[in-house]
Every structure is written in structure tokens, then in C-alpha cells.
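Student: Please take me through this model, and give the reason behind each label you use.

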Amino acid sequence: MTLRRTGAVAACVLLLAAIVGMHRLVPSPTEQMGPISTHGQVGERIDTGGFTITVSKVRLARTLVEQGFSPGPPVRTDGIWVVLTATLTGEWKAAAHGDTFLEAADGTKYYVSERSDSSSQLTEDLSTEPGVPRRGRIVFEIPPEQLTGAVVRIGRSETLGGGRLAPQAVVDLRLDAARARAMIDDAAPKLSIGAVEYGP
Amino acid sequence: MNEAAADQAGGGRRLRGTLARRTQAGRTQAPYLIALLALVPLAVGVEYNLERPAAQGPMHETVAVAVAESADYAGARWELTSTAAGPPAEDVDLPRHSVVVYAALAVTPRDARAARRIENCDFSATDDEGRVWSTAAPDVPDFAGSADLPTGCYTPDGDFGQKLIRAGKRQQVVTAFLVPKDVVRRLRVRVGVRDAAPRYLEFSRDQGRDGEGVGGLVPAFPS
């Protein structure tokens, strides 16, 4: 009788543990409805299923100089400008990719700089159309110490639905401490950035 | 034996009593049952009628218009008169494998109210996969050969002004799309007017032509 009771108690404990374990496996709301990520690196064509992006170059600068019809004054920073050159192609309909940010190794997010002219920012307008590649810059302003281990997440922003289950490209900048330090030391004093254009 | 008869008689009384009670209960509950039978279909019918307009939108998003035919939409008559791939503006570098497709339409508003309603009409293009292209950026197409035709549903007024299309007037309008070359033959031009039903008017294509024109019409614009 005692043995039977012990078995029943053990079964109850096991079932409770199983319930707790299963409950922990339930995806969080963010996991259920968050962006669907596709990972890649600089120089690699990343096809998210919702858009395609290739980040071809990463440059650092202390001052940005806008080009175009009515360029403003040079824009200095106390941190560092991180300027990505990328080609972006849409897949379904005209869309913006405003859910774009640089994520530091400690999880801090730096969104695309609003101090840089939006006409030169590849992800900030609604002009990315299916099958028509556009080439331009993605500009972040960050503290230099946050560069090591940083990744850039480019996400399609939805007018409706708040970007739920939206495609997202995760670009690993491949910047270990030594490489980040070297890039910061070699940062351009001034960097000219032009408007978004078609191509290639 | 007497006991058995007494039992039988007692059972009969119980049965009659039960039946009587059930009949009484049935009479009491009958109005509720009748009300239920009347109200359930009524509730379903009311809900169906209330939801029907909302359900019709996505299920009837477009109405396809055959080649060279016109259709009524948002109080106006619409016709796709010409489509053709053509060169971009002089200083525009298009991406490889892309082309500018020009479309000319004719629109005739039935009355002044319709002219006002369609003033902010929206053009787009779609293919068989459901991909959608908005009109090309203003600096991309070359409208030099369009004889100052408007690029929207209005009538030009002076150099830069615009006014409503006069009721009954057949106004020619032009638009352009930047699309990959491989979709040109599958491209269909759409017209949308805010709050109009269906959501879009879509001009179907004709695969039987030479493929230069989109929608199967003879390329006539730009020259």
C-alpha cells in the first residue's frame, strides 16, 4: 500500500514537472509574432523571403557630408558614424524598411540616425519595389565602444500589424575587438554620402 | 394477487401523474421554445446582414476589365487605351533588367461629384504572382511625348495647376511604372479610388499580341 502511494506521489511530481517544463516551452508573444530573421554577413546576399539585401561595405567616419541638391552643413558626432552601403530589392509591394537598427553586443539598439538626411537613407522611404534593386546608405551614430560584436538588423516595417512576422535580415558585421579598434583608428575624418539610387 | 393488482393500480396512478406533470411543464415551456425558434434565426439573419458588407470587401477586391473594354467604377467610365515599354528620362540610370512601362487611360466622370471623388485616384500595376508596383518616381519616366497629359485624374490648368475633370468629359491621363523586364508581359494596370467598391479596377492582359504592349493594346505612348 505504501509502495503504491509512493508511486502515485512520484507520478504526480513527474507530471507537475512535465507541466512546468511544457509551459516553459510555450513561445513568448514576441517569439510567436516577432520578425522572422535570416542571418548573413557583409558581402553576402541575404534573401529573407520578403526582401533581399546585400551589405557591400562598412565604413566609419567622424563627420558626414551630405550630397545632393541642397546639402546641409557637415554633421559631426561625439561618437562614430557607421555607414553601411547596401543594395535592397523588394519582393511583394512598395515597402519601407524602417525597422532597422544596429544591435550592440550588450543588446543596446541604435536606430537609423535621424541626423542624416533621410533622402540618403536606403531604408527610410517607401520606394523599394519588387524586383527593382536600389543602392544607398544606412547610417548609424553610436559610441565607438559599442562597435565590437555589433550586428545590423534590417526589418520591413508594415503600415498595418506593426511588423508582426515581418521578414528581417541580420547582418553580422564581423567586428571583433581588434578589427573594431583598427576601423575606429582608421575612421574617415569626413565621409560624403549621396542620395539613394537605382542599381546595379 | 390482490397485492399485485394494488401495485399495478398504484403504478398506473404514478404514470398518469408523471404524464400530467410533463404536459403541464410542456405548456409552461412552450412560449419559450417558440421564442427561441423565432429569435435564433432572427439573430443569425441580423448578424449575417450586418457582417455582409464587411465580408464583401476582401472577397471582391478587384473587378477585371477585358482588353479594349471600358468599365464603370467610382462614378466614372474607365478605359485603358494604350500601354508600352519605353525609355526613361534622359539622366536616369535604371537598374539592369528593369524597364519603364507607360500606360494611357481615358476617364469620363459621370457628374461633378464623381469628378471630385476620383481626383485622387491611384494607379498601380500587378502581375500573376500578386506583386504590386506603385507608379514610378517622378524623375524616372519621360513624359515629353505625352502632349501635357495629366498624370492623375484631373485636368491640367495652366502650367502647374489642376482642376476637376468636367462631368462627361473624356480625359486622357498617363502614368508609368518601373518594373523588372521579365514581368512586362504579365503586367496588369490597376486603378483605385479611395472608399470605392470594388477596391480596384484591373485591366486584364492579352497574351495573344506581340508582347511589346502590356494589356495587349498597341503601344501608342510614348511615340
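Tutor: Start with the secondary-structure labels: strands are DSSP runs of E with at least two residues, helices are runs of H or I with at least four, and both are numbered from the N terminus. With those labels, Arg131(B) falls in the loop between β5 and β6 of chain B. Keep in mind throughout that the model is predicted.

Student: What is the order of the elements of chain B from the N terminus on?

Tutor: The order is α-β-β-β-β-α-β-β-β-β-β-β-β. In total, chain B has two helices and 11 strands.

Student: Why is Arg131(B) called buried?

Tutor: Buried means under 20% relative accessible area. Arg131(B) has 14%, so the residue is buried.

Student: Which residues is Arg131(B) in contact with, leaving aside neighbours within four places in sequence?

Tutor: From chain A they are Glu91(A), Trp92(A) and Pro130(A); from chain B they are Ala125(B), Thr126(B) and Val183(B). Arg131(B) also belongs to a network of salt bridges with Asp127(B), Glu129(B) and Arg186(B).

Student: Why is Glu129(A) put in the buried class?

Tutor: The limit is again 20%. Glu129(A) has a relative accessibility of 10%, so this residue counts as buried. Glu129(A) sits in the loop between β6 (109-111) and β7 (134-142) of chain A. Not counting residues up to four places away in sequence, Glu129(A) touches residues including Thr89(A), Gly90(A), Val132(B) and Trp133(B).

Student: How do you know that Cys121(B) and Cys153(B) are joined by a disulfide?

Tutor: The test is a pair of cysteine sulfur atoms within 2.5 Å. For Cys121(B) and Cys153(B) the S to S distance is 1.9 Å, and the pair passes. Over all chains, the structure holds one disulfide.

Student: Where in chain B are Cys121(B) and Cys153(B)?

Tutor: Cys121(B) is in the loop between α2 (112-118) and β5, and Cys153(B) is in the loop between β6 (132-134) and β7 (155-157). The pair links distant parts of the chain, 32 residues apart.

Student: What makes this disulfide of Cys121(B) and Cys153(B) right-handed?

Tutor: The torsion about the S-S bond is about 90 degrees, so the disulfide is right-handed.

Student: Are Cys121(B) and Cys153(B) buried or exposed, and how do you know?

Tutor: Set both values against the 20% limit. Cys121(B) has a relative accessible area of 13% and is therefore buried. Cys153(B), at 0%, is buried as well. Cys12(A), at 47%, counts as partly exposed, because that class runs from 20% to 50%.

Student: What makes Glu141(A) and Arg115(A) a salt bridge?

Tutor: A side-chain nitrogen of Lys or Arg has to be within 4 Å of a carboxyl oxygen of Asp or Glu. The closest N and O atoms of Glu141(A) and Arg115(A) are 2.6 Å apart, which satisfies the criterion. Glu141(A) lies in strand β7 of chain A and Arg115(A) in the loop between β6 and β7, so the pair ties together parts that are 26 residues apart in sequence. Glu141(A) counts as partly exposed at 27% relative accessibility, and Arg115(A) does at 42%.

Student: How do you know that Glu79(B) forms a salt bridge with Arg170(B)?

Tutor: The closest N and O atoms are 2.9 Å apart, against a limit of 4 Å. The two residues are 91 residues apart, with Glu79(B) in strand β3 and Arg170(B) in the loop between β8 (161-163) and β9 of chain B. Arg77(B) and Asp72(B) also meet in a salt bridge, at 2.8 Å from N to O. Over all chains, there are 11 salt bridges.

Student: Which residues have the most contacts inside the largest nonpolar core?

Tutor: They are Trp78(B), Ile118(B), Phe123(B) and Val179(B), in a core of 40 residues. The largest share of this core, seven residues, comes from β4(B). Apart from this core lies another of 32 residues, among them Val82(A), Val112(A), Ala169(A) and Val196(A).

Student: What makes Leu33(B), Leu36(B), Val40(B) and Val44(B) a nonpolar patch?

Tutor: Patch members need over 30% relative accessible area and no salt bridge, and nonpolar side chains are joined within 5 Å. These four form such a patch on the surface, with about 380 Å² of accessible area together. One of them, Leu33(B), is in helix α1 (residues 2-59) of chain B.

Notes: Residues are numbered from 1 along each chain as its sequence is written. Chains are lettered from A and ligands numbered from 1 in the order in which they are written. This is a predicted model: local features need pLDDT of at least 70, side-chain atom pairs count only at pLDDT 80 or more; totals for chains, interfaces and linings use all residues. Side-chain values use heavy atoms; hydrogens and water are left out. Patches are made of residues with over 30% relative accessible area and no salt bridge: like charges are joined within 9 Å, nonpolar side chains (Val, Leu, Ile, Met, Phe, Trp, Tyr) within 5 Å. Accessible areas come from the Shrake-Rupley method with a 1.4 Å probe; for residues, only the protein chains shown count as cover. A nonpolar core is a set of buried Ala, Val, Leu, Ile, Met, Phe, Trp, Tyr and Cys residues joined through side-chain atoms within 4.5 Å. Buried means under 20% relative accessible area, exposed over 50%, partly exposed in between (1.4 Å probe, protein chains only). Contact means heavy atoms within 4.5 Å.
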